[in-house]
Structure formats: structure tokens, C-alpha cells
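Me: I'd like to go through some side-chain contacts with you and ask how each label was earned. Could you set the values against the cut-offs as we go?

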Amino acid sequence: MPALSLVALVSLVSTVFAEQLDAYPPQGQGRQQQQHKHWAQICSGNPTNKIRGCDRYGCGYFGADRHSGKGKHTGVDVICADGATVYAPFSGQLSGPIRFFHNGNAIDDGVQIRGSGYCVKLVCIHPIRYHGQIYRGQQLGRMLPMQRVFPGIISHIHVENCDHSDPTQVLTPVVPPFPQQDTRWATLCSGNPTNEIRGCDNYGCGYYGAPRQKGKGKHTGVDVICTDGATVYAPFSGELSGPIKFFHNGNAIDDGVQIRGSGFCVKLLCIHPIRYQGRVSKGQILGKMLPMQRVFPGITSHIHVENCDRSDPTSNLERGKGKRV
């Protein structure tokens, strides 16, 4: 085969593979990651990516004055409390570190993400790593102690497009109306996009109404399969309350949270939420699955999903109508 044709073939195969990888990322990393016109939540506690206003150090919007009016702000400042968890706004490749101040102060760190049609630098954060693939909504790192450097400032992540264009429009997530009319719940657990329900194992079955307590009781919820440590998402928009203690014995999975809103009220158990109070939006990162294997070795790890009125939530779970066999 002529050298030119071979190069063209390799290029074509590489392009097709890259497109397939973007459309179908590895299971467990969020198969729902597709092309998005709006970025995901960047900082825990700020679900709408609210931009810093003005304080004695300046303003956070794109184009704000810098250097006593001699310069302009070439990014936007997304509000983020010191120490908060930071998430990837879109899927892409990491590179770094990014040193914005070049003086080694407590916030002189950051990372670049390129992919999904975007390229952005996130500054004043400490990433988990500086290289490799990251997926939309995946934990990226944590916010650095900005108050230590600028006391009294509104702590924030500096978000700057690589081409210095304005990222404001893509920062605003598409949040459904509240309450929303969508009766289908979002994916609850990464790696289980269809909310597949646990089948039967040595400890019992996961469907609603399954026998409990040696046949003396019935299962008042459903068990949605979720690997230990996996990311958990809000099934609908609402208000959080908790913690919810199901076992009341302090074991490794005795945690959970309630969500009420959008015409629903549900308890999600055996998870550790990012927070127990406040508003959460449908599909937003809620927390992580706790280590169920440590308490029940060999069980099919799962989130216990129970409606507050103990009715059957199966029909609200996307394609979760059947028992896994």
C-alpha cells in the first residue's frame, strides 16, 4: 500500500475511534457524557456557577477593570468556598500545572482542560492530577485557600478560555423549571445509566415488595445498582434534608439524604451526600456510594431508593421496570 494511503487510513481510523470514545466513554465514568452547549457545575455549593460580584479587590465578570483600569479581566470568577470540591465542566484532556501568579503563593495552582469543543484554564484550584482524561461532572480537585492570600475577597475559581473569549454563556447550566414536569428521574449512579435494579443475591432481592425479615416484611423501596465509591446524582430537582440514618448503628453505609420537590419526595440511602441541606438540581452530583461490600460482602452494591410515602418508585426510574435476573 502506498505510504500516503496508509497515512490516510490510519488518520481515518483514529478519527472514528476518537468520535466513538467521546460518544461512549468507559463504563463507570459517566456514559451520559455527550456534547453539551452548557458546562456542568464547577464548584460544590454553587450549582448554577454563579459569578463573583464586586468586592474591595475588584469584580468577577468578564471584562471587569484590572490594574487600576489599565487592563481588563480576561476570564470570569466562579464563586467557590475555600476547600470546596471542584468538578470538570466538560470532558477532555488535562494539562498543567497552570501557574497564574508565578510566585508560589497558596493559590498559585491550576489546570487546563481541552476537549468537547472547548479549552479552559481553571485557576486557584489544586487538581487531583495534571494529565489524563477527565469526564464532565467528575471530581477534578479542590478550591485553594484564597482567604489566606486575599482576606475578605469572595473566594472563587478563575475560569479563563484559552483564547481569552468570554465563557459566561456556557457557564450557565440548563436548569429545568422548579417544580419540573418531567416524571422520569435522571440517572442515579455513574455506570448505571438506566437505573437498573438489583436482582437477587444471598441477602435478598432489590425489587419493590421483595420479602424481608424472613418473609415477615416487605421491601418498601427499590435497590438501584451502584458500585462502591461511584458518583451519585440527584434524580430530580428539590430541597435536601438529612442526614437519614437507616441502620442507626453507625456502620460504614449508615448515611443518606432526602430530596423533596418536583412533585416527588424520596430517600436515597447508603450514600454520602456532599451536603444535607439546600437545593439540588436534577442530574447534579449529589455524593458518592458508600462501601457496601464492607458491611455485606458479596451483595450487589446498591442505593436504597425509598419514596417518603413508601409507594413504589419503580415507574419513575428510567427503564428500571424489571427485576435483574
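Me: Which residues form the aromatic cluster here?
Reply: In this predicted model, Tyr57, Phe100, Phe101 and Phe150 form one aromatic cluster.

Me: What makes Phe101 and Phe150 an aromatic pair, and why is the pair called tilted?
Reply: Their ring centres are 6.2 Å apart, and the cut-off is within 6.5 Å, so they pair. The planes meet at 45°; under 30 degrees would be stacked and over 60 edge-to-face, so this pair is tilted.

Me: Where do the two rings lie in the chain?
Reply: Phe101 is in the loop between β7 and β8, while Phe150 is in the loop between α2 (146–149) and β13 (156–161), so the pair ties together parts 49 residues apart in sequence.

Me: Are these two buried, exposed or partly exposed?
Reply: Phe101 has a relative accessible area of 26% and Phe150 one of 24%. Buried needs under 20% and exposed over 50%, so both count as partly exposed.

Me: How do you know that Trp39 and Phe90 form a tilted pair?
Reply: The structure holds 12 aromatic pairs. In this one, the centres are 5.2 Å apart with 55° between the planes. The distance is within 6.5 Å and the angle falls between 30 and 60 degrees, so the pair is tilted.

Me: Why is Trp39 called buried, and what about Phe90?
Reply: Trp39 has a relative accessible area of 1% and Phe90 has 2%. Each value is under 20%, so both residues are buried.

Me: Now for charges: what makes Asp223 and Arg198 a salt bridge?
Reply: The closest N and O atoms are 2.7 Å apart. The limit is within 4 Å, so the contact qualifies. Asp223 lies in strand β18 (residues 222–225) and Arg198 in the loop between α3 (168–171) and β14 (200–201), so the pair ties together parts 25 residues apart in sequence.

Me: How do you know that Asp109 is buried but Arg99, its salt-bridge partner, is not?
Reply: Asp109 is at 6% relative accessibility, which is under 20%, so it is buried. Arg99 is at 38%, between 20% and 50%, so it is partly exposed. Their N to O distance is 3.2 Å.

Me: How many salt bridges are there in the whole structure?
Reply: A search finds 10. One of them joins Arg66 and Asp77 at 3.6 Å, N to O, and both of these residues are buried.

Note on methods:
Residues are numbered from 1 along each chain as its sequence is written. This is a predicted model: local features need pLDDT of at least 70, side-chain atom pairs count only at pLDDT 80 or more; totals for chains, interfaces and linings use all residues. Side-chain values use heavy atoms; hydrogens and water are left out. A salt bridge is a side-chain nitrogen of Lys or Arg within 4 Å of a carboxyl oxygen of Asp or Glu. Buried means under 20% relative accessible area, exposed over 50%, partly exposed in between (1.4 Å probe, protein chains only). Helices (H or I, at least four residues) and strands (E, at least two) are DSSP runs, numbered from the N terminus. Rings of Phe, Tyr and Trp (its six-membered ring) pair if their centres lie within 6.5 Å; planes under 30 degrees apart count as stacked, over 60 as edge-to-face and the rest as tilted.
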